[in-house]
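User: Could you take a close look at the salt bridges in this model for me? I would like to see how the pairs sit in the fold, with a word on the surroundings and the ligands too.

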Amino acid sequence: MSDLVQIEKHEGGGDNLPHEPACAASNFSGQDRPTWDLYSTCIHCGLCLNHCPTYRTLGTEMDSPRGRIYQVLQVDEGRLPIAESFVTHIDRCLGCVACETACPSGVQYGRIVERARAQIETHYKRPMIERFVRWVFYEKLLKDFHRLAQAARLLRFYQESSLQRWVRKSRVLKLLGVEDVERLSPHIDPDFFFEEIGMLIPASGEVRGRVGFHAGCIANVAFSRLNYATVRLLSMNGVEVYVTPRQRCCGALHSHAGYREDARKLARKNIDTFLDGSQHYDAIVTNAAGCGSTLKEYDDLLADDPQYAERAREFTSKVKDVTEFIAGLGMREPQKKLSGKFTYQDPCHLAHAQKVRSAPRELLKAAGAEIVELPHWDQCCGSAGTYNVAQNELSMKILDAKMDDVRAVSASISTVVTANVGCMLQLRAGMERANLNLPVKHVIEVLNECYF
Ligand code: SF4
Ligand code: SF4
């Protein structure tokens with residue numbers, strides 16, 4: 001029986017909606033389970049299908065939002081085990097939540113898939129090598145900035161010595177099948193931003209606001225220049241920036257990978273330090289869309305924690321993407337204007353998860369940029385956190401579709417601009433794959449050029 005025929009059993013609204021499953025038969029368990037309240041809002045209309053990058057690429061119902069929701073229902077009813085098939089289709093989801101933007105029924109798909117992933121990590125044993133790689137990355141590196149810095153120094157040595165050139169010239173990467181993955185590894189900056197954690201950067205001129213800056217985790221080693229540019233731009237706009245001490249990774253990568261308990265622990269630590277009462281912030285600001293969307297979901301993550309639920313709501317209410325914050329404040333007249341045409345790639349975790357689309361465009365236009373819109377603005381570039389490594393082949397197909405869109409406007413633009421570090425890495429790799437020679441920059445880097 002085809003995937004589509006199976007799903008049609010539950011198509012249609014009203015009386016045809018699936019019944020609430022009996023908990024005893026469910027293959028889900030514990031706090032982080034996709035609940036009936038979440039997935040029963042899907043009326044199986046299929047309007048999300050053509051907005052889903054994995055459905056557009058693979059053409060299979062089970063790799064669409066509707067198909068994945070159906071599988072979640074099946075597992076919750078005890079009719080589908082948490083086994084290879086379920087894991088494959090859930091793993092293939094980018095978590096881009098383009099389906100949420102398209103959905104007329106308000107399905108909170110992101111919450112469903114994150115909980116499904118938490119169930120997978122509880123009930124399914126991944127192959128040993130995968131478990132080991134995940135343990136090193138999520139447990140040992142992201143949670144410990146000291147260890148992350150050590151690993152970054154090693155990677156920088158590899159990149160800056162002749163070792164990387166030698167390895168790339170040899171056929172080793174091709175033989176191991178990791179040529180694309182190696183190309184996606186972030187370039188490590190010479191100065192790490194860890195040194196700035198705990199520093200107060202004064203406002204330039206009249207003080208117009210005060211923010212706590214969340215600097216990310218990998219961004220501190222691979223995008224430290226972007227972090228410096230972010231605090232400079234805020235300062236130039238009259239904002240005092242406190243790079244809040246004792247801050248930790250936001251937990252986005254943990255949460256997206258199914259480690260919601262780890263994400264909760266990180267969230268509590270960030271709440272403790274950002275809301276310790278010693279500072280007043282107008283906003284908690286980030287320059288990474290992926291981090292921002294998770295920081296804005298701490299209220300959901302800690303909803304059942306009696307000690308933290310209220311403070312999580314307070315924290316969430318203060319989080320702003322840096323473009324959102326500066327656009328709300330009103331950007332000061334830049335010293336020089338941008339010239340040329342730019343295209344802006346909407347990061348999914350900004351456009352779909354946070355519904356922030358106009359702020360980056362407004363700032364670029366205020367700085368003099370002319371924006372040429374990309375076709376298929378709602379389509380993911382295939383980066384999606386660690387997706388481009390874990391699902392490399394599919395990610396590259398999705399990237400190639402994005403590069404076709406970039407090619408369509410390439411003759412009339414000078415730069416591709418985006419607002420998320422993961423998208424920057426992915427699009428730069430895409431330029432190489434597509435033989436396009438356009439710089440890819442963060443909107444904050446472009447705006448910095450107008451002030452300095
Ligand atoms: S658009 Fe929404 S309601 Fe319709 S199938 Fe997709 S998720 Fe379900
Ligand atoms: S989150 Fe993205 S990849 Fe996943 S089902 Fe929704 S649109 Fe498709």
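**Salt bridges in their setting**

Analyst: Happy to. The protein chain folds into 26 helices and 9 strands, and please keep in mind that this is a predicted model. Along its principal axes, the C-alpha trace spans about 65 × 55 × 40 Å. The radius of gyration is 22 Å, which agrees with the value near 22 Å for a compact globule of 452 residues. Of those 452 residues, 56% count as buried.

Now to the part you asked about. Searching the whole structure gives 34 salt bridges. As background, side chains of opposite charge can pair when their charged atoms come close. Three pairs make good examples.

Let us start with E114 and R260, which form a salt bridge with their closest N and O atoms 3.5 Å apart. This pair links distant parts of the chain, since E114 belongs to helix α7 (residues 109-123) and R260 to helix α16 (residues 260-274), with the two positions 146 residues apart. Are the partners buried or exposed? E114 has a relative accessibility of 9%, so it counts as buried. R260 has a relative accessible area of 3%, and therefore R260 is buried as well. The cut-off behind both calls is 20%: a residue under that value is classed as buried.

The second example has another setting. R147 and D144 form a salt bridge, and here the closest N and O atoms are 3.8 Å apart. With 34% relative accessibility, R147 is classed as partly exposed. Its partner D144 is also partly exposed, at 25%. Both values fall in the range between 20% and 50% that defines this class.

The third example stays within one helix. The side chains of D404 and R407 meet in a salt bridge, with 3.5 Å from N to O. Why is the spacing along the chain worth a look? D404 and R407 are 3 residues apart in helix α24 (residues 392-410), so about one helical turn separates them. D404 counts as partly exposed at 47% relative accessibility, and R407 is partly exposed too, with a relative accessible area of 38%.

Some of the bridges also share partners. Through such shared partners, D32, R111, E114, R115, R260, E261, R264 and D300 are joined into one network. The network includes E114 and R260, the buried pair from the start of this tour.

Finally, the ligands. Ligand 1 sits in the largest cavity. There are 13 residues around ligand 1, and C42, C45, G46, C48 and C103 come nearest. By class, its shell holds 9 nonpolar, 3 polar and 1 charged residues.

Ligand 2 sits in the second largest cavity. The residues surrounding ligand 2 are C52, P53, T54, P65, R68, C93, L94, G95, C96, V97, C99 and Y109. Two elements, α3 (53-58) and α4 (65-76), give two or more residues to this shell. Sorted by class, the shell around ligand 2 has 9 nonpolar, 2 polar and 1 charged residues.

To pull the salt-bridge picture together: E114 and R260 link distant parts of the chain, D404 and R407 pair within helix α24, and R147 pairs with D144.

Technical notes:
Residues numbered from 1 in each chain as written. Chains lettered and ligands numbered in written order. Predicted model: local features only at pLDDT ≥ 70, side-chain atom pairs only at ≥ 80, totals over all residues. Heavy atoms only, no water. Near = heavy atom within 4 Å. 1 Å grid on protein atoms, 1.4 Å probe; cavity = no way out; pocket = protein on both sides within 12 Å on 5 of 7 lines; lining within 4 Å. Sits in = over half its atoms within 2 Å of the grid points. Nonpolar A, V, L, I, M, F, W, Y, C, P; charged D, E, K, R; others polar. Helix = DSSP H or I, 4+ residues; strand = E, 2+ residues; numbered from the N terminus. Salt bridge = Lys/Arg side-chain N within 4 Å of Asp/Glu carboxyl O. Buried < 20%, exposed > 50% of the residue type's maximum accessible area, 1.4 Å probe, protein only. Rg over C-alpha atoms; globule rule 2.2 N^0.38 Å.
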